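Dear colleague,

I am handing over the structure below, together with some notes on what was found in it. Please read the notes with the structure open beside you.

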Amino acid sequence: MKPLLALLVLAALLAGVFPAGAETAPPPAAPPSILDLGGMLHLVNNGNRVSKSYVPDDLVRPRVAVRKESLEANILMREAAARALERMFEAARYEAGHTLFAASGYRSFGVQQILFNEKVAETGSREKAMRRVAPAGASEHQLGLAMDVQSPSQLNLNPAFGNTPEGEWVAQNAHRFGFIIRYKAEWSGVTGIVSEPWHIRYVGTAHATAMRLLDIPLEIYTAHCRELPAYVVEGASHPLLAALVSSLIQGEKPESLGMLEAAGPDTREEALRTATEPYLSEGETYEAVLRYAYPTPRPT
């Protein structure tokens with residue numbers, strides 16, 4: 001074969017393997033953080049709103065009691081939150097003899113807009129309404145992770161629920177099932193919402209327990225979680241999470257955080273264990289707190 005012909009044949013072969021304009025495929029995108037939209041720790045408030053098109057793709061109806069059948073269509077939740085709500089309602093009944101009712105779960109952007117407009121008309125002020133009902137896009141209910149709960153003695157969504165035996169049980173035990181009391185009176189300056197002891201929000205057992213230990217609202221907790229490595233936020237148990245966030249709130253960077261930041265993919269599990277052990281109570285084991293924090297299979 002003549003040299004010129006050989007070059008033309010080689011060029012044609014290469015063109016088939018590497019067609020004109022072909023680009024190297026980009027590396028796969030990193031999975032979204034649990035702090036981002038779709039994650040269990042995503043923060044929604046007046047300053048962090050959800051678009052009108054957002055609808056969770058795993059909404060289910062939890063198998064729990066409602067005070068009347070017409071409310072059954074209003075209590076959808078994301079599946080993990082729904083299963084946790086079932087466990088909490090069952091525990092309330094068998095541990096303390098309490099009956100809880102689910103009142104309102106997932107709400108679309110449009111439904112929230114209607115509710116907010118009604119509250120504006122009732123109070124005569126948008127500002128006053130915002131202290132009681134979130135505007136559309138600013139409601140946790142659109143995430144499918146929140147539920148309003150009631151008791152037989154308090155069938156209205158009223159702050160008095162917090163003083164009922166059922167409300168007190170929820171406040172003391174919700175974290176065991178992954179829920180937080182989202183809006184406490186003492187946090188209103190941060191959350192922008194007055195006391196709502198009936199409104200619980202699912203964040204997972206590890207984070208709910210850490211927030212209970214710290215007694216801080218979701219706004220403060222998630223702000224400092226963003227300073228932690230993603231694998232720590234997604235896989236650490238409550239003693240370590242509470243200790244790290246507490247240090248960051250005080251403006252300190254604990255030595256354990258540096259170790260966690262330096263850990264590679266193959267050493268992260270051991271790094272979590274080593275970092276957690278100083279914060280375990282007497283008699284506690286790392287395995288025991290991990291089983292408590294992740295009662296379902298642990299994220300990998």
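Two aromatic pairs are present in this structure, which is a predicted model. In one of them, phenylalanine 179 and tyrosine 202, the ring centres are 5.4 Å apart and the planes stand at 65 degrees, and because planes over 60 degrees apart count as edge-to-face, the pair is given that description. Since phenylalanine 179 belongs to strand 5 and tyrosine 202 to strand 6, the pair ties together parts that lie 23 residues apart in sequence.

Both of these strands belong to an open sheet of four strands, whose order is 3-4-6-5 and whose pairing is antiparallel. At the edges of the sheet stand strand 3 (101-104) and strand 5 (179-183), each of which has a single partner strand, so that one side of each is left without a neighbour in the sheet. From one strand to the next, the twist averages 45 degrees. Strand 4 (residues 146-150) and strand 6 (residues 196-202) run antiparallel and are joined by three bridges; if you would like a place to start looking, methionine 147 has isoleucine 200 in strand 6 as its bridge partner. Helix 2 (residues 79-96) lies across strand 3, strand 4, strand 5 and strand 6, and its direction makes an angle of about 130 degrees with strand 6.

The remaining notes concern three helices further along the chain, beginning with helix 10 (residues 238-249) and helix 11 (residues 255-262), which pack at an angle of about 115 degrees with their axes 10 Å apart. These two helices, helix 10 and helix 11, are therefore roughly perpendicular to each other, and helix 10 passes helix 11 in a left-handed crossing. Helix 10 contributes Leu240, Leu244 and Leu248 to the contact, while helix 11 contributes Ser256, Leu257 and Leu260. Of the residues in this contact between helix 10 and helix 11, five are nonpolar, one is polar and none is charged.

How, then, are helix 11 and helix 12 (residues 268-276) placed, roughly parallel or roughly antiparallel? Their axes come within 9 Å and cross at roughly 175 degrees, which makes helix 11 roughly antiparallel to helix 12. The contact is made by Ser256, Met259 and Leu260 on the side of helix 11 and by Ala271, Leu272, Thr274 and Ala275 on the side of helix 12. The residues of this contact of helix 11 with helix 12 comprise five nonpolar, two polar and no charged ones. Ser256 and Leu260 of helix 11 are thus named both in the contact with helix 10 and in the contact with helix 12.

With best wishes

Technical notes:
Residues numbered from 1 in each chain as written. Predicted model: local features only at pLDDT ≥ 70, side-chain atom pairs only at ≥ 80, totals over all residues. Heavy atoms only, no water. Axes fitted to C-alpha atoms, helices over the stretch in contact; angles between N-to-C directions. Parallel < 35°, antiparallel > 145°, perpendicular 65-115°, else oblique. Left-handed = near helix turned anticlockwise from the far one by under 90°. Contact = heavy atoms within 4.5 Å. Nonpolar A, V, L, I, M, F, W, Y, C, P; charged D, E, K, R; others polar. Pairing = 2+ DSSP bridges. Phe/Tyr/Trp six-rings, centres within 6.5 Å; stacked < 30°, edge-to-face > 60°.
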